Structures are given as structure tokens and as C-alpha cells.
Amino acid sequence: MGRPFATGLPHYGHILAGTIKDVVTRWAQQTGHYVERRFGWDTHGLPVEYEIDKALGISGPADVMAMGIDKYNAECRKIVMRYASEWEHSVNRMGRWIDFKNDYKTMYPWFMESVWWAFSELFKKGLVYKGVKVMPYSTACCTPLSNFEAGLNYKMVNDPAVCVGFKVENMENRYLVAWTTTPWTLPSNLALVVHPDLEYVLARDKNTNVEYIVMECRLGELKNDHLEILEKFPGKKLEGTLYEPLFPYFKHMRQERNAFRVLVNTFVTTDQGTGVVHEAPYFGEIDFQVCLENKIITKDMKVVCPVDETGRFTNEVSDWAGMYVKEADKLIIKNLKERGHLVHRGEVEHSYPFCWRSDTPLLYKAVPSWFIRVEEVVPKLLENNEKTYWVPSIVKEKRFANWLRDARDWAVSRNRFWGTPINLWVSDDGEEIVCISSIAQLEELSGEKITDLHRESVDHITIPSRTGRGVLKRVSEVFDCWFESGSMPYAQNHYPFERKKIFEENFPADFIAEGIDQTRGWFYTLLVLSTCLFGKPPFKNLICNGLVLAEDGSKMSKRKKNYPDPMEIVNKYGADALRLYLINSPVVRGENLRFRESGVNELLKDVFLPWFNAYRFLAQNLKTYESESGAPFELVPLAKDGNVMDRWVESFTNSLVRFVTTEMNEYRLYAVVAPLTRFFDTLTNCYIRLNRKRIKGESGIEEQAVALSVLCRVLSIICRLMAPFTPFFSEYVWQHLKQVVGATEESVHFCLVPKPNEDAIDEGVERSVQAMRSVMELVRVVRDRKGIAIKYPLKEMIVINRDAQFLDDVDNLSHYILSEAIKCRKLVVSSDKEKYGVRLKAEPNFRLLGARLKGDQKKVAEYLKKEISQAELAQFLNEGKLVVVGYELTSEEVSVSYRGMGDQAATHHEYHSDVNTIVVVDVSEDDTLLEEGLAREVTNRIQKLRKAAKLVQTDKASVYCTVSPPGCKLSLVLDAHKEKIQQATGTPMFFETPPTGMKVDVELAEAQAKIKGMPGKSSENGPQSKTSAKQDELLVLYNGKSLSVRLTTKDAKMEKYSDLLYEIRSAFGLWSGSVKLAMEDGKLIHSTSPIGKLMGKTVNTRSFESWLRAKKLMAPLLSARDIFR
């Protein structure tokens, strides 16, 4: 596993990677595998040194040498574990199962010794050499960076863009014009490059007679309207052309290396510049390679690099010696202008790399370095990459494989101090080199006792030469910390000095995980070293996660404060909610995540609250069962011909176990978490909702025992299945369930993941219930659209589908749909859509069609809109293909929806459909439907007041209700439905005032406006007059009365239009007819409008039908008084 630095606090990237690792390793442990859980720390490298440099005001290596390496490294050692306790707290708080006491750190001598061993093996194989490389260089940190590090911090900057004339030798007024954004590199120019095959021109300024050579298509870069073209020719004609050095500092290179001539190469492009490229070989990778190939330079010559480690010109560039190169740009441009070499001066905005640590511009600069020969092992790297399994696979096949194909020799040395010293001892003439492989070998060769391997402990140690060259001294560099990271699999085990057998039996690793940015970092160095040392890949399976960004898509920034503190989120919503949010996002597919706090809150509401409610409902009814039966509860097996919903939920749960097991074996977390999170909505809104009466014992004690056993088994299975993902809440539920299910394991994390019970899986039952659920969802949408609460039954619903099996499934479960799920009087199933005025309608995907059909899209769209027949659409649904004006259209390009037509669509029927099914719902009302709904309203109020009084199901209470005036319609409704209300609430109901002296626990009037958890304000006598809304409220006006609706509370937030409409209907008694809301300017509010935008606003209520009748029925309810002990 990748290791963090303890010099900074953990952020969402660390938490994400840690969570992925924890989920996978918990799953492995709970499927019978041994998992070694050791935490590792990166302790060396630039992040630590940069902190010390800032604190001590160190500006370069000279300051460190003056201070003393021992004192400098002692300061580094002090801060290495600055935030270790915060890391341990955060990691533990996130639920990661890891061992901090048996950790490993890259600064431990035994870890460093294994790094030495790895490098010595590469040295023995001839894979190490010393050379010069142009590398990204941080002048603030005085060190080269890897290409990976250079790519971490690109910014848009404005740089000078100058066209510079290089005078052709022996031609008085002729200049080759090169373009550059780095004028500071011009003093080091040694060559110019043109494209051999593209056209160039010789153009003359008619005013000055000066002649310029540029690429024909780039002539406009000179910004000169007075040019006339004298000649055209291919670039290869310029090859070998000599020109005068622009500056005199390195003019000796003409005689020594035949410099200052024109070269040809196809890397020259036509999209920028003049087509003539200036070459300063020690300040550009391509420049270096081209000049090397053309023998302008050699690998072993003295470098032409007049810039020191702090980015200042050396004495070789006498005019600007000691000046920072970027600051010298203006002076160099001024010098060129004065000498007649500046052809044009401009500015360009472009992306430029900055140091990821110091946030200062990087230079590309030649640096002497020790290299590992990577280029010669590229075929083997690609071969080993193919042996690994990645999620997502495209990162392996594209991004990583492409990086491997273009891999260059790896410069592993850094001119720093706090790191693992490079274990090379070299003679003064460089001819004798000893690569030390262990502490014991160094002690043997030097005669000194070694206790530490940092520079202050080994720099002074010498080794006698075996060839008469005096003594060998250690080279001054330390390892690139990425070399340490790549050595981690063996260094953490102190291989080969300890645990040799254990390592060799368990290498390659089964699993690793890190961010997508590590394709050029840790993943790469792991593979390079493993391939070079062992000839095989370092891991078998890998999950590559994307990046966590701020909500606006920008990079998370402490300075901008554009993201919430991770621990605040954990303390507010819980670690499980944050874990689930992160791994239930695109980030586990290698994509980026825009972090939203509201997303964590949504998971809390959608997963953990339903889960808890399901568990609590089980616990309450287990207590009721034991109270009623007088015996302890014992699990009852489910008969094969038992209740269909019992069989369904056990089948559905075991199918989920099978699916999750399959996907987790393939490391596809992104496929696993969504079904797991949806399970709890299915459990509560389908199984528990449709079986509430059985679970509560209303169908008899035996049926209750069966239903409770089913719910208990299901919660036990899902608890063990969720344990790797949500360790805290799973443990909480398990501690309360384990005795009921007879489990002996002390913790859910000591249980094995459940195996699917194939005998319990019944695909036919699952298909049937899925059909029922799809119908339930369609009708729910109709209810929401019309603002009809579930308490008010519907008159009739018609389900239309072409599949006979689907209709049979719905019909067989009609009693659930009619009584519990939909509350409808009558259900009709049919395959005859025409009978009910239903027609098919084509819905073209204009984006896809436009991209493929271009101008013919209009013809196709017109045909689909006006000419296509019902028979054609029916055939399209069967075959998935449709030919229109010569084009074959697919189901991706055209979808088919259902539409209601004729008289029914214009009256009291509402239509809604999905791809295969349409429901036609009769939304008309009559007195019996209204009365039944009112009775349920009273039932709902009593249940809420029992809850407010903190009563459980077995607690006894009574309801006293007075209705005024006596004999009104509401009084008749309550009389008629009294028995049902009492049965549903378990609370006796008396139509009288409470006895004298009896304490009132809760008043109905106080809870009347608390609809769906969103409290409004009203008095016992109904809504009052009010003229303005508070900032967090919505003021609703109706017939001179007002209601203040709280849109946000500390516990909930109203999000649906239907919730708002329901509350308004309740407050004003508008239970019949259509209700519309309008802004003060009269503009109607659409049902899809965001409710949050109404905060602080005032709206008017409009009712168009029998609102008065319902208002009169509900009015007496407002003054009723409620529950007494």
C-alpha cells in the first residue's frame, strides 16, 4: 500500500485511498484470507526538506553545508512525525483496520538497507550508469524533480514571446528568425533546427532591405506588413547553414564541435513560432537529444549550462552573472533590440510547470545524475504489465501502457540531504566503483561500526581501494524518494536479510490501490524495480481511483477553503457515511469526484436511517412478540410454499450476496456499492411496508414469528455483507442481533462474509415482485404529480403491458398493490393499449441523430413526429431497429414512450409509463374515498403523537377526542372508522373530554402541521394572518389566512413539491380537487421547481374544486385534544 507523509494532515485523497484499501482487505479477511495490516510512512524527500528550509531560511546547499548536514538532518528528523497522532486518530476514526505499532518508516536503517540491496542488484546487472540529463529543476528547492512531479502543478502564465534574428554567416542583411518564450536560454544557443520537408521562404522588408528566413505558413508571426517573398524552398536546403553566435560566451564551440549551424528534424511543428527552433541543448530534453545526434555535444564533454543550482547565471554569462534567469529576460531582450537582433516582441499565455512543493516556476536544466537503464527493459515492462489486473482496465491498457512504451532511463539521484544515501563508493578518478549491498559489507570494508545510514553517519566513511587508487569515497547524492517507494514491497520486510521465505512466498502482492496520478509515480517505480530485480510484476490486482475535487470542480485548496474539513464531516455524519459516499462515486472507476457535503447527508438519509428503522422495527416487534406469546423468540425456518413476500426478500437478499461476491472477487467496488445502498430502500418500502401487519402480529402469532424470523435473517445477512463497507454501524446492529440469530462471534468483523443460499433464490418470485414494484413506482409518480397523499385511496388503476407474464405477475400480487402499496379500489391488467386510449410515440435523441445524420436529421425527425405508424413503433419495440428514409435507427437513437389520447386523457385519468408499461389512474374523488382518507389522517396523527410521547408499541395509552360541532361530517367519519383507527394505532379512542386531573402529554394541535417531518406553524384554530416570511420559511396565503412553512430544520430539509403541497392541503383542509401555487406576481409554480428557491418568499394558494367540503370536514380536527397516560 502507498504511504503518506506525516508532515501534513490527511485529506480526502488519503481518506479515499485508505477506505478502498480497507474495504478490500476487510473483505479478504472476512472471506478467509490472512491480511497483514501494517501502516507505512514516507519520511524522506523534498516535502520534509522544504519545510525545514522555510523554517530556517535556507536558500541553497551552501547554507546546509555551513550549518552541518548532521544538524540539518536532525531538524528534518524532528518534524517527520509532526502529525503522526493526528494521522492515527483520523485513520482509526475512519474505521480503517491497521496496525500503527508494527509500522515501517523509510528512515528506519533496516528499510534503508533493503533499498541499498535493491540498488546493488541493479548495479551488478549493469543497469546503473552515470550521465547527464535535462530534468525539471526546482530552483527554490535546489533539486531536480521527476517528470511525474513536474506534472503535478501546471499553471497558466504569461511569458515573453520573441522573434530573434540569427545573422547568416557572410550574408550582411540575412537572418534566420527563431521564436522562443525563454530568452534566458539564448546565451547558451548552439544550433538552429528546421523541418526538412516543409516550405520556407526568404522574405525582404521593403523599408529596411533586411531579409528573413522563416517557415512559409508562419510568416505572419513577424507582424510585418512590408515583407515581400523573394524565394521559396524546402527546409532541407538550409541544412548546414552557418550563422554567427548570438552571444560570445560559447563561441569556441564553433571550432571545437562545429556548433552554430542549421540542423533538420521533423519535431518542428507548424502550429506555433516561426518554424526555426533555437537549440540550447542543456536546457531542453529534445534540444539535448537532437544536438547529441548531430554531434554538437557529446555525453562526456563539459556541459554548456551557465546556470547554478539556485537558477542564477554563473560567471560564464558575464553580463548577467548572479541574476535569476527569469529576471534577466527583460535585459536580454533589451540587449537584442539594441544590437538589431530583435525582430518582434510579444507575449504568450501558456501552461507552464511549477514546483509542487514551493509553487515556483521550474526550469529544464542539465543535471549530472546516476541512471537506471529503463529503456532496454521496456518490452519486459509491457509484458509484465499485461500480467496484472486493473480496475478500471482502460488505465492499464492506455495511460499506463503508453507511459511504459515511452519510458526513459530513470535518474534516481538527487542533490539533497535527508534521504537514503546512494550506496556507491568511488575513486577520485571515477574508475573504481564499489556498490555496497548491506550494513555488514560496509562494516567489513571500512572497519567502522554502522548504526545509521543517513548522510551524517556514512559520508565520512572511506573504503580502501583494491586497485591502488587510495581510498574510495561515497558519492554525495541521495536516492530519489520514488526509488524508496518502488522498493517498498521488499524493504518493509527487510528482504533479503529477514523474512526471506515469507516475502518470496507472497510476492507479487495480491492487491494495491492508489490514485490515478500514480501511473507515473508509484505504480511505475514498483513495476520497474520488480521487473529488473525479479523479472515479474510487483502486484496481481490494482484499483486506480480518480481525484477528489472541490464541489466546483477545482482542486481542493487549503488557501481557498473550498472544501469542508474531513473530520468535521465525520463528526457530523459519521465515518460510515463518508466511506460509503466516497466508494459509491465515479472516483472508484478512475474518474474524478466533485465532493458535495450534501451527498454524504443523502447517503445518511437513504441508507443508514432506513437501515436503523428496519432494525428498530424488528426490535420493537420482537419485544411485542415475546410480551404477547410469553416465550423467548426463536427463529422459525421459512417453508418453501410460505408467504410470497417472505420468499421474495430472502431470494432477493441471497441474489444480492451472490452478485456482491462475484463483483468483489473482480475488485469492482463501483458495481457493488450502489445495489447495497438501494437494498435498504427496497427492504423498508417494499418488504416491511407490505408486511407491516404480519410483522406486528395482526395476522396471528405464528405468522408473526415467521415474518420476524425472515426479517431477522435478512438483517443478519446484510449486516455481515456490509461490514467491510460500513464497519461501525454494522457492528452496532450486529451486537443487538447476534443473540437473536444465535451467533457466537464476538464481533461482526470476526464473521465470514455470508455465502449465497442458492436454495433460497427463486428468480420467478423476484421477477414477479419486480413487476409489482415497477407498477408501484409509476403510480407513486402520478400521486406526486397530482399531490394525492398515500392515505387517500384511488378509485381504479389500469396496468398495460405487452408481456403476458408481466401482467400475470402483477395480477397475482394484486392484493398487495390494492391494499398496502397503492391503496386502490380496483386493478385492471391489459395488453390492449388502444382500448384505453394509449398510443406509442417516438422520442428521437437529437444529439446522437445529429452527429450521425447531419443534414438529414430534420427529415428523420419529421417522419418520427408526423408519419410513423403505431405498427412501425410496435415492431421497433420488438426488434430494436427501425428504418426511416433509408437510415437504420437503434434504440439508443430513438426511444418509445406512451401517451394517453382521446376522452380519458382529457377527463379524470392520469397516465404515466416507463419503457414497457403504462398505468392509467382514475384520480377522481367521491365521498367514500375522502372519508377513508380522513380516517387515515386521524390514524396518522395519533401515530405521530404516540411517537412524540416516546411510546413504544406495547405502551398503553388512550385518545380523547372532541369534535365540534357534534354531528358534523367529521364526527360521522370518526364514528364509522373508529374500530379501524383503534386497531391501526393500538390506542383506544374516546369521543369525550379527558377526565378531570388527567395529565395531557401531547396535544394534537401541536402536531397537526408536522407533515412528513417538516414542521409548520399554526394555532389550534388553524392558520393565522401574516404578511411576511422569515428567511428560512415560506409564507403561504389562502383566503385571508397564512401558514409559515419551515423548509429547513436541523433534522430535515423539504425537497419535493409534493411534500409542500401535502402540508398546505393539511393546513387549509384542501383535500379535494386541484391545488396550484403561484408567486405574488401571479406566475404559477411548476411541480418540478426547486423548493429551496422559495425560501423567504410568499406564495398564494389556488383551489379549483371541492376544497370547501374538505375544509369543513377537517376544521374540527384542529381543536381536538389527544393522548393521555
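## Buried rings and the model

A residue is called buried when its relative accessible area is under 20%, exposed when it is over 50%, and partly exposed in between, using a 1.4 Å probe and protein chains only. By that yardstick, F479 and F483 are both buried. Across the chain, buried residues account for 54% of the 1125 residues.

Please keep in mind that this is a predicted model, in which local features need pLDDT of at least 70, side-chain atom pairs count only at pLDDT 80 or more, and totals for chains, interfaces and linings use all residues. Residues are numbered from 1 along each chain as its sequence is written, and side-chain values use heavy atoms, with hydrogens and water left out.

## The chain as a whole

Let's start with the overall picture. The chain contains 38 helices and 42 strands; these are DSSP runs numbered from the N terminus, with helices being H or I of at least four residues and strands E of at least two. Along the principal axes, the C-alpha atoms fill a box of roughly 120 × 80 × 60 Å. A contact means heavy atoms within 4.5 Å. Of the contacts between residues at least 6 apart in sequence, 74% join residues at least 24 apart.

The exposed surface of the chain is about 50100 Å², and carbon and sulfur atoms supply 49% of it; such areas come from the Shrake-Rupley method with a 1.4 Å probe, and for residues only the protein chains shown count as cover.

## Aromatic pairs

How many aromatic pairs does a search of the whole structure find? The search gives 54. Rings of Phe, Tyr and Trp (its six-membered ring) pair if their centres lie within 6.5 Å; planes under 30 degrees apart count as stacked, over 60 as edge-to-face and the rest as tilted. One of the pairs is Y72 with F417, which is edge-to-face, at 5.7 Å centre to centre and 65° between the planes. Y72 belongs to helix α4 (residues 69–79) and F417 to the loop between β17 (413–414) and β18 (424–426), so this pair ties together parts that lie 345 residues apart in sequence. Y72 is buried, at 0% relative accessible area, and F417 is buried too, at 5%.

The rings of F479 and F483 are stacked, because their centres are 4.7 Å apart and their planes at 10°. Elsewhere, ring pairs link F608, W611, F612, Y615, W648, F652, F679, F680, F729 and Y732 into a cluster.

## Charges over rings

A charge sits over a ring if NZ of Lys or CZ of Arg is within 6 Å of the ring centre and within 35 degrees of the ring normal. K326 places its charged end over the ring of Y352, 4.6 Å from the centre. R692 does so with the ring of F617, at 4.8 Å from the centre.

## Backbone features to look at

Most residues other than glycine have a negative phi, and most peptide bonds are trans. The bond joining V391 and P392 is cis, with omega about 0°, and P392 lies in the loop between β15 (389–391) and α12 (393–405). Another cis peptide bond runs from Y495 to P496, with omega near 0°; P496 is found in the loop between α16 (488–491) and α17 (500–506).

N170 is not a glycine, yet its phi is positive at about 65°. N170 sits in the loop between β5 (154–167) and β6 (174–180) and is exposed, with a relative accessible area of 72%. D359, also not a glycine, has a positive phi of about 60°. The loop between β13 (342–353) and β14 (362–372) holds D359, which is partly exposed at 40% relative accessible area.
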